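Got the viewer open? Let's take a short walk, one selection at a time.

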Amino acid sequence: QVQLAESGGGLVQAGDSLRLSCAASGSTFSTYFMGWFRQAPGKEREFVARIDRSGLSTHYTASVKGRFTASRDNAKNTLYLQMNSLMPEDTAVYYCAAGRSDNAQKYDYWGQGTQVTVSS
């Protein structure tokens, strides 16, 4: 079992950058595929990014490709999401998730989320 805790959210202006972190504890972080998701007010949770166990392979939803970068430091048990050129439509609660398998549709553990608000 792994516990996840996001941090780094906040209120920024359009065009600014933020880096989210997701600290993992309780299990071997490097054995998990990791994902970032977000949920905007009144909308369903959506996929943002996924990174494999080694950190060498990433996948992004089209709306963030070229602006967001997922990375991980397995020595520090931490997942990151670097968000550049933020837009108001990026406003959401951002969640990290951990999955044991390579099934991109299945995540076993979730964090509590961190709020990102982008003003225009």
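A quick word on exposure before you click: buried means under 20% relative accessible area, exposed means over 50%, and partly exposed is in between, with a 1.4 Å probe and protein chains only. This is a predicted model, so local features need pLDDT of at least 70 and side-chain atom pairs count only at pLDDT 80 or more, while totals for chains, interfaces and linings use all residues. Residues are numbered from 1 along each chain as its sequence is written, and side-chain values use heavy atoms, leaving out hydrogens and water.

**Stop one: Arg100 and Asp108.** Select both and look at their side chains, which meet in a salt bridge (3.4 Å, N to O). That term stands for a side-chain nitrogen of Lys or Arg within 4 Å of a carboxyl oxygen of Asp or Glu. Arg100 has 46% relative accessibility, so it counts as partly exposed. Asp108, at 22%, is partly exposed too. How many salt bridges does the structure hold? Five.

**Stop two: Asp90.** Now select Asp90 with Arg38: their side chains form a salt bridge at 2.9 Å, N to O. Arg38 sits in strand β4 (residues 33-39) and Asp90 in the loop between β8 and β9, 52 residues apart. (Strands, E, are DSSP runs of at least two residues, and helices, H or I, of at least four, numbered from the N terminus.) Are Arg38 and Asp90 buried or exposed? Both are buried.

Keep Asp90 and add Arg67, and you'll find another salt bridge between side chains, 2.8 Å from N to O. Arg67 is in the loop between β6 and β7 (68-73), so this pair ties together parts 23 residues apart in sequence. Arg67 is buried, as is Asp90. Add Glu46 to the selection, and you have a network of salt bridges linking Arg38, Glu46, Arg67 and Asp90.

**Stop three: Thr91.** Step along to Thr91, in the loop between β8 (78-83) and β9 (92-99). Thr91 counts as buried because its relative accessibility is 19%. Its side chain reaches the backbone oxygen of Pro88 at 2.9 Å. A polar atom of that Thr91 side chain also lies 2.9 Å from the backbone nitrogen of Val118. Leaving aside residues up to four places away in sequence, Thr91 touches (heavy atoms within 4.5 Å) Ala40, Pro41, Gln115, Val116, Thr117 and Val118.

**Last stop: Gly55.** Pick Gly55 in the loop between β5 (46-51) and β6 (58-60). With 27% relative accessibility, Gly55 is partly exposed. Then add Arg72: the two are 17 residues apart in sequence, and 5.9 Å apart in space from C-alpha to C-alpha.

Definitions and conventions
A polar contact is a pair of N or O atoms within 3.5 Å; within protein, one must be able to donate a hydrogen and the other to accept it, and residues adjacent in sequence count only if both atoms are side-chain atoms.
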